[in-house]
Amino acid sequence: NMNKIYLFFFLISLNFSVAQDGTIDASFNTNVNAVIDSGTASVIVQQPDGKILVGGGFSISGSIRSIIRLNIDGTIDNSFGIVRLEAWVSSNTFHFGRSLVRSIALQPDGKIIIGGTFSSYNDTITSPCLIRLNSDGSYDNTFNNLGFQFPYTGGVNKVLLQNDKIIIGGRFSKYGDTWCRHIIRLNLDGSLDNTFFSGYLLNYEDSVDTIIQKSDNSLLLSFDAEGSYPNNIYHLDSEGYFQNSFWGFNYGSIRSIIEQFDGKVICGGFFKFQEVFDGAFFDIKGIVRLRNDYNPDLSYSTNIGIDNSGTVVSIMQQPDGKIVLFGNFTQYNGVIVNRIVRLNIDGSIDNSFNSAGVGFGSLMGYYIDGCILKQSDGKILVGGDFTTYNNTPVKGIVRLNNSSVLSNSDFSKSKISLYP
């Protein structure tokens, strides 16, 4: 009857009217944007209860803060204590524009491990660059952090939980009195895990930028090879033993790595890649997909990648295999995208994402930090040092609608049953 027909077309229209992916989620508290005066939200982690940890270096109502916790609607969770981390100071200087908090790992018991470039917690001196907080933001005195030492500009760039162990990557030469080079594994109490073989794969001048654990439990790490050619990715087994490497970037660094569902790896950052593979000249910037043998995947439609001076800071993968890139770039394959773009599985632009918007306002600097995170409900949280999105004022953090979990082709294949 006619009622069923009307209902059918109403349901079909929902697939298109609701799926305005990439637009601002108005249900996310805009007052957060009013109180973040300045600075960068560089790390976002969602807790199992839906609350949101935001780390970086920013000012809130004139007060310097390093971590805040938000409720699911974006309001500030006042049950989480004030956390102010201050920078480690020496004759060396940190990369300009990088945040004090660079990585957050959430333990199953709710405790929070923080890595970055700091040496004090709320005006109390701590061991440099790594601390653990209790779930309410208070300092966890049971974490026996021995502290890092640096012959060069240093810090912790990545904290990764590996079952009941903690993998740390960054730029350091000692943990306590033990010599190491930029990657170590700790026990949950902060003591060094001597069963992890980090070896001496890296030079003293290098820096581990990021680490991921693959589906087979092996590790991929990217490092910035200061003063040597080229920058690189190392593949380690779960215990730190070298498996493979990928060479070929002309300059720059890899800022983000994800493993796709088929096992291929996508890398984003500030780099240029020019090589001949399989008889074809490969010339891309800022993003590349690697096959399982860690050579470039020529079937991925990056063409020329992002603009010359751009950086892909963070990559997020959706359940349907599409990925969202965020960073300091304005173009992708020659198309204006303004610092955020969603790609189809083949690497082409998904034009259904923020199709009528202009993206983010300007970001500052090569080393700018930022992040993009898919919430448990599919919506997208973006953190950075931006002040506008689609010409709407936002400061440091914004949540975007993202209702499209299945593609339209998947939706059309689904069975729709109408009942009286």
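**Exercise 1.** Is Tyr139 buried, partly exposed or exposed?

*Solution.* The model is predicted. Start with the value: Tyr139 has a relative accessible area of 28%. Next, the cut-offs: buried means under 20%, and exposed means over 50%. The value falls in between, so Tyr139 is partly exposed.

**Exercise 2.** Classify the aromatic pair of Tyr121 and Tyr139, then place both residues in the chain.

*Solution.* The protein has ten aromatic pairs. In this one, the ring centres lie 5.5 Å apart, with 40 degrees between the planes. Planes under 30 degrees apart count as stacked and those over 60 as edge-to-face, so this pair is tilted. Now place the partners. Tyr121 sits in strand S7 (residues 118-121). Tyr139 is in the loop between strand S9 (130-133) and strand S10 (148-149). The two are 18 residues apart. Finally, check burial: Tyr121 has a relative accessible area of 12%, so Tyr121 is buried.

**Exercise 3.** Why is the pair of Phe326 and Phe386 edge-to-face, and which parts of the chain does the pair tie together?

*Solution.* The planes stand at 90 degrees and the centres are 6.3 Å apart, so the pair is edge-to-face. Phe326 belongs to strand S23 (residues 323-328). Phe386 lies in the loop between strand S28 (380-383) and strand S29 (388-389). The linked parts are 60 residues apart in sequence. Both Phe326 and Phe386 are buried. They also join Phe360 and Tyr389 in one aromatic cluster.

**Exercise 4.** How many helices and strands does the protein chain have, and what share of its residues is buried?

*Solution.* Count the elements: three helices and 31 strands. Then take burial: 55% of the 420 residues count as buried.

Technical notes: Residues numbered from 1 in each chain as written. Predicted model: local features only at pLDDT ≥ 70, side-chain atom pairs only at ≥ 80, totals over all residues. Heavy atoms only, no water. Helix = DSSP H or I, 4+ residues; strand = E, 2+ residues; numbered from the N terminus. Buried < 20%, exposed > 50% of the residue type's maximum accessible area, 1.4 Å probe, protein only. Phe/Tyr/Trp six-rings, centres within 6.5 Å; stacked < 30°, edge-to-face > 60°.
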